[in-house]
Amino acid sequence: MASVIWSNPGNPTNEVSRALGIERYQLRQALHHIKRAQGLGGADSVIVLSDGEVRDRHGNVLGNVYDEI
Amino acid sequence: MSSATSTTKSKPPVRAFATLRFYGDRLDPVRLTEILKVSPTKAWRKGERYFAGPRAGYLVGRTGTWFLATDTHVESADLALHLDFLTRLLSHWTLDDKKRLSQLREVMARDGLKADASLFWHGQPGETPPSVPPQALERLHALPAKVETDFDTD
């Protein structure tokens, strides 16, 4: 079962990108696509799971990191 | 090797791009595509079930959205080129042509749409973030679109 690896506002740390097996710029690029398409800004928190799924703070699925890279 | 790892090599490392988004409950993606003459990166109507990707599957649009990311059109790490693409898109590729901007404003006013834009840049440690050309910001603000920057380094 996928676990939460990030649940903060702003840009994720290197540890998060390493956990997903991708470069940090790829994670930032993917999250930027997902958040902006869904109307979230940089200051808005999202939840990133270990399988790449991205959710908003209410638990709604917004996309998946691996679909954006 | 997991499939997640293999997908990381599918695209070149573009480290700068810009996005433009129109949104609103009455948004008709087809109408915006007709005006802008370019296919969106993602678009959906409010309540529409749309394909968000092989991993994410199908999601339901909470509001109508027309979203364009320039990294699917401009292969450059130069943010200015991505902004130039957006500003020319808004002005029908001719900077003194106001017709397309007028059409967009008309649709935005009629359907209660809003717009925003974002600028993405990822640099090496210690690298100076790019400056943003003021004329590009003026064009986006004229839409009107709110503009947000997301600049960071490794």
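**A core shared by two chains**

In this predicted model, the largest nonpolar core holds 45 residues, and those that touch the most other members are A:Leu31, A:Val54, A:Val65, B:Phe22 and B:Leu86. Two or more residues of this core come from helix 2 of chain A and, in chain B, from each of strand 1 (16–24), helix 2 (29–36), strand 2 (42–44), strand 5 (64–69), helix 3 (79–90), strand 6 (114–123) and helix 5 (134–142). Among these elements, strand 1 of chain B gives the most to the core, with 6 residues.

One of the well-connected core residues can be followed further. If neighbours within four places in sequence are left aside, B:Phe22 is in contact with B:Leu27, B:Leu32, B:Trp66, B:Leu113 and B:Ala115.

From here the view can be widened to chain B as a whole, which contains 5 helices and 7 strands. Read from the N terminus on, these elements follow the order α-β-α-β-β-β-β-α-α-β-α-β. Of the 154 residues in chain B, 34% count as buried. When the contacts in chain B with a separation of 6 or more are considered, 68% of them are accounted for by residues that are 24 or more positions apart.

Chain A, for its part, carries an open sheet of 4 strands, arranged in the order 1-2-3-4 with antiparallel pairing. Strand 1 (4–6) and strand 4 (61–64) of chain A stand at the edges of this sheet, and because each has a single partner strand, one side of each is left without a neighbour in the sheet. Averaged over the sheet and with direction ignored, neighbouring strands are turned by 35° against each other. Within the sheet, strand 2 (residues 47–49) and strand 3 (residues 53–55) of chain A pair in the antiparallel sense over 2 bridges, and A:Ile47 has A:Arg55 in strand 3 of chain A as its bridge partner.

What remains is the place where the two chains meet, and here 23 residues of chain A are in contact with 29 residues of chain B. On the side of chain A that touches chain B, the elements that give two or more residues are helix 2 (24–37) and strand 4 of chain A, and the largest share, 9 residues, comes from helix 2 of chain A. By residue type, this side of chain A divides into 7 nonpolar, 12 polar and 4 charged residues. Helix 2 of chain A thus appears in both parts of the picture, since two or more of its residues belong to the largest nonpolar core and 9 residues of the side that touches chain B come from this helix.

Key. Residues are numbered from 1 along each chain as its sequence is written. Chains are lettered from A and ligands numbered from 1 in the order in which they are written. This is a predicted model: local features need pLDDT of at least 70, side-chain atom pairs count only at pLDDT 80 or more; totals for chains, interfaces and linings use all residues. Two strands pair if DSSP finds at least two bridges between them. Axes are lines fitted to C-alpha atoms, for helices over the stretch in contact, and angles run from 0 to 180 degrees between N-to-C directions. Two residues are in contact if their C-beta atoms, placed from the backbone, lie within 7 Å. Ala, Val, Leu, Ile, Met, Phe, Trp, Tyr, Cys and Pro count as nonpolar, Asp, Glu, Lys and Arg as charged, and the others, Gly among them, as polar. A nonpolar core is a set of buried Ala, Val, Leu, Ile, Met, Phe, Trp, Tyr and Cys residues joined through C-beta atoms within 7 Å. A residue is buried if 20 or more other C-beta atoms lie within 10 Å of its own, exposed if 12 or fewer, and partly exposed in between; C-beta atoms are placed from the backbone.
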